[in-house]
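Below are some notes on the two-chain model, set out as numbered points for a colleague who has the coordinates open. They move from a local backbone detail to the chains as wholes, and then to the sheets and the contact.

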Amino acid sequence: MEIAARPQVSALRRVVSRVGRTLTTPLLPDDYFEMLSSRWATRELRAEVIAVRRETPDTTTIVLRPAAAWPGHAAGQYLRLGVHIDGIRHWRAYTITSDDAHPDGLLSVTVKRVDGGRVSPWIATSCRPGDTVYLGEAEGTFVVPDPAPERILMLTAGSGITPIWSLLRSLSRADGVRDVVHVHCCRDEEDFIFAADLLAAGEHHDGYRLLPHYRSERERLTPADLDGLVPDWAERTTFLSGPSAMIDAFAAHWTEYGDRSLLHLERFQPVIGGDATTTPGSGGTIRFRMTEFEAESDGRTSILEAGEATGHALPHGCRMGVCHTCKCTLVSGRVRDLRTGEVLGDPGELIRTCVTAPEGPVELDEGHVVMRGTNARSIR
Amino acid sequence: MSPRPVSTDKQGTTADPNHPLHKLTPEQLEELGREFQAIHDEVYADLGERDAEYIRGLIRFHRRLAAVSRIALLGSGSTIGLVAGTAGLSVAKILENMEIGHNVLHGQWDWMNDPKIHSSTWEWDSASPSSSWKHSHNYVHHTYTNVIGKDKDVGYEIMRVDERQPWKPAYLGQPIYNLLLAALFEWGVAFHDLDLEAMRNGEKPMTQVKEELRGIVRKAMRQVVKDYIAFPLLSGRNWRRTLAANATANVVRNVWAYAIIFCGHFPDQAYTFTEEEAADESMGAWYVRQLIGAANIEGGDTFHLMSGNLSFQVEHHLFPDMPSSRYKEIAPRVKDICDRYELPYNTGPFLKQFGSVQRSLLRLAFPGGFQKRKPGPYVAPEPPASATETNPLRRAFPQVV
């Protein structure tokens, strides 16, 4: 279960909430106030959908007005967005495509419809102005380095263009679009997200050269085509965003023929344990409080895997820290995030068992339990 | 038609071939387990907007009712304010504890993925902190239901509710404990969760007991400050009346919760089990034990709502994590399974169930005991003769419809 970002609220409101709790316990004054207006909610950041715009036949932009001040983000980052569909809250990550310094504090995300998906078809067909959505925190490291590079290559395909759109706008405000070459691959002009603005910029802006690569007219772009299109590609700081296969092919090309440190790329899948610099933690004993059993982790094994190794079933989903299905309440102890090496966790905090290992002894509350039979080893 | 009551000579032992827990073959048990599981899975696949709206609407209703009642009580100097406020607050507290709190803490609404209506974050208006309650209730009571010695809810470690619990002189005070427990139920539950017996047996470390005790004290303090200090203070010169109103609402809620919960497991119909009988059971046997260890209470929709749908205690014990609003819908399917497998379906009107519980509590305060009468297998009522056959008009003009 994932929780939305906490809205920033004034010190006065925090005091009212703390004092008022005496009267509302075990609820918070918020739980009553938010029935009057969602703008008064101080625990979860919500936003109202104020516009839904079709970009291409299968891409939709939704414009959001956060109910409290948006804490800000860097161009190129993505946002986790929670929406209610048929009574269930679903979370997905989408690139923020609005100006990172929007004068009215509005946000937008641009979403490509994935057939068979759950959230993107809803955004494409059912989302309406007036709907409420939940906002997570902005995340992602696909941002322009400071200072901005002189010469830039943008290499994008399909909906991979969405973070680039944000980067370009942010760069242009800082007068950073001095020598940008942008190669964008898509089916045809109809399939080109933000085509009107980008094609116009390509014609009128001296520092921006757009090279559309339409699959309806030409073969799929390969790394070998780069020499012909952008002869100085290897000297440019490059931003690469597109489908996985494309990223893999071009990243390999940079490693072999270019300077890998000049290549920035956007991947959504986290890589657990992929970072060799992360030192393993001390490990420890994990006590599952509800069903009364203990497991051991050496510091490299996640809490989820250590628990399952004892023969117990535990709640889980993606197993890579994305879906939040596995969250348990930390009763005591600290845990180490296996992806970043960071040690975290306060009592009462919800932690993702699939990407954390115990740092010393920990105790967890694994939530509600249904064991069907006295010899059952199943939870939920 | 309700199940035919028949008396059995012997209360459940493995020797009794008619005991519902032992009459089915392992294959039948496996099939029965699959049938119950299928009901659960079908309901889970169907959960959606209608269910989400139900619980969100109920939570909104509770908060409005609680707020309006508290405000009415600020004017408790007037009789209308006092009576309406006390009644409203009592109903609000009952809804909050039973249909909302108990069921959210069971994880019945976790599927919505809403962090504010989730078993891992919910806290309820009760002296008992949710974390200790989830362990003692969701895990211990719902896994070892009615197993004497394992399920600490059989008599709550202070009362003798089954003749197979050995008698001790302390049980002579049972009629008094009974009254006290009814009036102070939330406090009884809070200290029951501590499970001091487990500590004495060395099953629970002292450090955990201390930490849980601190949790109870912290939680209880907040509850006491709210109901017995803060709101009376806000009422100014009416503080005595508001204090009395809040205490009344808490006691009304306590007595009601006590009555519903005692009717769920301690009427004559419900079976208890020995540790041996429940040892190493299959999923099918677990379902049978849940089925016959619980008893329903008959009533209308308002009664079901106010009981937190624990009037469908049988369905709740079969499917503790199923949204309670679905119990009424699946009850006919549970009865159908009982009919086909010749198992009892325990149910009865409130006064009958409550009367049988109170009689047992009085009798079992003294040594010895009596055989509780067990119902026979559930028999589905004869289907009413179909309308097409009895309606003379339809018979006269069969082609005109």
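1. Is Asp86(A) buried, partly exposed or exposed, and why? In this predicted model, Asp86(A) counts as partly exposed because 14 C-beta neighbours lie inside 10 Å, where 20 or more would make a residue buried and 12 or fewer would make it exposed. Asp86(A) sits in the loop between β3 (78-85) and β4 of chain A, and its phi is near 50°, a positive value in a residue other than glycine.

2. A second residue with a positive phi, Asn113(B), may be read beside it: phi is near 65°, again in a residue other than glycine. Asn113(B) belongs to the loop between α3 (79-105) and α4 (130-143) of chain B, and it is buried, because 20 other C-beta atoms are found within 10 Å and the cut-off for burial is 20 or more. As background to this point and the next, most residues other than glycine have a negative phi, and most peptide bonds are trans.

3. Two cis peptide bonds in chain A deserve a look. The bond from Thr25(A) to Pro26(A) is cis, with omega near 5°, and Pro26(A) is placed in the loop between α1 and α2 of chain A. The bond joining Asp146(A) and Pro147(A) is also cis, with omega about 0°, and Pro147(A) is placed in the loop between β6 (132-139) and β7 of chain A.

4. Turning to chain A as a whole, its secondary structure comes to 8 helices and 17 strands, and its C-alpha trace spans about 70 × 50 × 40 Å along the principal axes. Buried residues make up 39% of its 380 residues, and, among contacts between residues at least 6 apart in sequence, 66% join residues at least 24 apart. The domain assignment gives domain 1 (45-139), domain 2 (151-265) and domain 3 (284-365); the centres of domain 2 and domain 3 of chain A, taken over C-alpha atoms, are separated by 41 Å.

5. One sheet of chain A is open and has 5 strands in the order β9-β8-β7-β10-β11, with parallel pairing. Its edge strands are β9 (208-214) and β11 (263-265), each of which pairs on one side only, and the twist averages 15° from one strand to the next. At the β11(A) edge, 3 bridges join β11(A) to β10 (residues 237-241) of chain A, the two running parallel, and the bridge partner of Phe239(A) in β11(A) is His264(A).

6. Helices pack on this sheet as well. Helix α4 (residues 161-173) of chain A touches β7 (151-157), β8 (179-186) and β10 of chain A, and its direction makes about 140° with that of β10(A). Helix α7 (residues 244-257) of chain A lies across β7, β10 and β11 of chain A, running at about 165° to β11(A).

7. Strand β17 (residues 356-365) of chain A is largely enclosed by the rest of the structure, because 7 of its 10 residues are buried. Strand β12 (residues 284-288) of chain A runs parallel to β17(A) and is joined to it by 3 bridges, with Ile286(A) opposite Val362(A). Strand β14 (residues 328-337) of chain A runs antiparallel to β17(A) and is joined to it by 7 bridges, with Ser332(A) opposite Glu363(A).

8. Chain B has 17 helices and 2 strands, and its C-alpha atoms fill a box of roughly 75 × 65 × 40 Å along the principal axes. Its radius of gyration of 23 Å agrees with that of a compact globule, because 401 residues would then give a value near 21 Å. Of the residues of chain B, 46% count as buried, and 70% of its contacts between residues at least 6 apart in sequence join residues at least 24 apart.

9. The contact between the chains takes 29 residues from chain A and 45 residues from chain B. On the side of chain A that touches chain B, α1 (11-24), α2 (29-36) and β4 (88-95) of chain A each supply at least two residues, and α2(A) gives the most, with 3 residues. The residues of that side divide into 13 nonpolar, 10 polar and 6 charged.

Technical notes: Residues are numbered from 1 along each chain as its sequence is written. Chains are lettered from A and ligands numbered from 1 in the order in which they are written. This is a predicted model: local features need pLDDT of at least 70, side-chain atom pairs count only at pLDDT 80 or more; totals for chains, interfaces and linings use all residues. Helices (H or I, at least four residues) and strands (E, at least two) are DSSP runs, numbered from the N terminus. The radius of gyration is taken over C-alpha atoms; the globule rule is 2.2 Å times the number of residues to the power 0.38. Two residues are in contact if their C-beta atoms, placed from the backbone, lie within 7 Å. Ala, Val, Leu, Ile, Met, Phe, Trp, Tyr, Cys and Pro count as nonpolar, Asp, Glu, Lys and Arg as charged, and the others, Gly among them, as polar. Domain bounds come from an automatic or database domain assignment. Two strands pair if DSSP finds at least two bridges between them. Axes are lines fitted to C-alpha atoms, for helices over the stretch in contact, and angles run from 0 to 180 degrees between N-to-C directions.
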